[in-house]
Amino acid sequence: MHDSVALRCHHVSAGASPTFATKNIPAARTRMLLATVGSLEERDEEQEDEGEEELRDGGVPFYVNRSGFPVDEETWERMWRHVARIHPSSEALMKEIRGATDLPKIPIPSVPTYQPTTTIPQRLEAIQKYIRELQYNHTGTQFFEIKKSRPLTALMDIAKEMTREALPIKCLEAVILGIYLTNSMPGVERFPLSFKSQFSGNHFHHIVLGVHSGGRFGALGMSRREDLMFKPLEFRTLMDLVQEFEGAYRGYWHTLRKVKIGQYVSHDPHSVEQIEWKHSILDVDKLTKEELRKELERHTRDMRLKIGKPAPPSPTKDRRNSMGSPLRGPGSPMRRISRVERRPSGDKKVLEQKSSTDMNGYQIRV
């Protein structure tokens with residue numbers, strides 16, 4: 001556990017009281033409500049706009065802890081103020097939680113370990129189980145700042161911090177953690193797979209870590225929806241995997257608008273490469289099924305071609321030390337602009353009118 005401020009959130013099912021335990025924080029030991037599920041919940045966010053302190057998706061804001069660990073006083077109090085705004089019984093609940101002195105000790109999940117005979121599918125299931133045990137972060141404050149433009153080695157440092165702090169996470173954090181936990185599995189290729197969906201006039205973003213091994217595709221991730229994160233390693237093609245997620249979105253009355261697929265991620269935890277998040281950007285609602293299939297087959301070929309390409313050398317130990325911690329360093333490298341982004345023709349945006357079935361602004365979050 002972190003030797004200064006150690007935070008631990010524990011989210012339980014709807015109807016029960018979530019808890020939030022802390023150590024060495026001005027309010028001493030406290031419990032924290034992680035907000036109710038349903039219409040009050042925050043949404044998964046890709047953090048496209050990394051410069052905004054308050055990020056939004058589907059019209060719902062959330063904050064990012066940019067101070068690293070230990071969490072500073074300003075970020076801590078801002079989190080509580082945000083909870084107070086979004087919870088209907090905030091005043092009474094905050095008094096009850098922040099004044100509590102009899103909090104139970106919450107177990108910290110153990111990073112999975114394997115026997116030599118453990119199969120790849122079993123290892124992926126163990127990783128997903130660990131991610132689930134960390135639990136989804138409903139506080140409205142993302143605890144780990146993920147800047148997509150950072151080199152892989154810096155993002156892996158953040159993943160290590162996730163395992164030390166054992167705090168609830170959101171979808172983008174789960175992708176970074178999934179990469180870290182599969183780095184020692186050379187037979188498993190990993191790639192980012194993100195989605196943009198629409199419901200009741202608002203757009204929602206989500207991301208998972210696609211995996212490929214033994215000729216089959218699957219996924220690791222975190223979501224408040226069980227069928228929008230883990231997918232076992234059993235899908236023959238990337239098309240089959242995408243269609244599986246699209247069907248899950250339909251189950252929540254969401255229309256899938258875009259799918260963004262990155263390239264395979266290096267297994268070298270010290271690589272200075274940046275993750276290629278959007279090698280292909282597909283407007284699902286503008287493509288026929290056959291066109292989508294061909295685009296996904298093309299992307300699969302592109303990913304396979306990258307396997308044979310040598311990666312740039314890792315930095316020396318001295319250079320890695322000079323880079324500093326990603327949570328405490330002076331800044332991030334510039335986002336590269338040379339990546340290949342493939343878009344189908346006719347990508348002009350059209351303003352969409354809300355239908356009469358938008359349920360009076362009610363939002364189903366995914």
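## Strands 10 and 11 and their sheet

Strand 10 (residues 255-261) and strand 11 run antiparallel and are joined by four bridges, and within this pairing Lys260 has Ile281 of strand 11 as its bridge partner. The model described here is a predicted one.

The wider arrangement is an open sheet of six strands in the order 9-8-7-6-10-11, with antiparallel pairing. Strand 9 (231-235) and strand 11 (280-283) stand at its edges, and because each has a single partner strand, one side of each is left without a neighbour in the sheet. On average, and with direction ignored, neighbouring strands of this sheet are turned by 25° against each other.

Helix 7 (residues 289-307) lies across strand 6 (189-199), strand 8 (216-220), strand 10 and strand 11, and runs at about 170° to strand 11.

## The nonpolar cores

The largest nonpolar core holds 46 residues, of which Phe144, Met162, Ile169, Ile176, Leu177, Ile179 and Ile275 touch the most other members. At least two residues of this core are supplied by each of helix 1 (73-86), helix 2 (90-98), helix 3 (120-134), helix 4, helix 5 (171-182) and strand 7 (202-213), and the largest share, eight residues, comes from helix 5.

When neighbours within four places in sequence are left aside, Ile179 is in contact with Leu152, Met156, Arg190, Leu209, Val265 and Ile275. A second core, separate from this one, has 26 residues and includes Met239, Phe245, Tyr249 and Tyr264.

## Helix 4

Helix 4 (residues 152-165) has 14 residues, which at 1.5 Å a residue should span 20 Å, and the distance of 20 Å between its end C-alpha atoms agrees with that expectation. The helix is mostly covered, since 11 of its 14 residues are buried; among them are Leu152, Met156, Ile158 and Met162, together with the polar or charged positions Thr153, Glu161, Thr163 and Glu165.

Both Leu152 and Met156, buried in helix 4, are in contact with Ile179, while Met162 is one of the residues that touch the most other members of the largest core. After helix 4 comes Ala166, whose phi is positive, near 55°.

## Gly251

Gly251 belongs to helix 6 (residues 238-251), and with a relative accessible area of 47% this glycine is partly exposed. Although Gly251 and Asp227 are 24 residues apart in sequence, their C-alpha atoms are 9.6 Å apart in space.

Conventions:
Residues numbered from 1 in each chain as written. Predicted model: local features only at pLDDT ≥ 70, side-chain atom pairs only at ≥ 80, totals over all residues. Heavy atoms only, no water. Buried < 20%, exposed > 50% of the residue type's maximum accessible area, 1.4 Å probe, protein only. Expected span 1.5 Å × (residues − 1). Core = buried A, V, L, I, M, F, W, Y, C linked by side-chain atoms within 4.5 Å. Contact = heavy atoms within 4.5 Å. Pairing = 2+ DSSP bridges. Axes fitted to C-alpha atoms, helices over the stretch in contact; angles between N-to-C directions.
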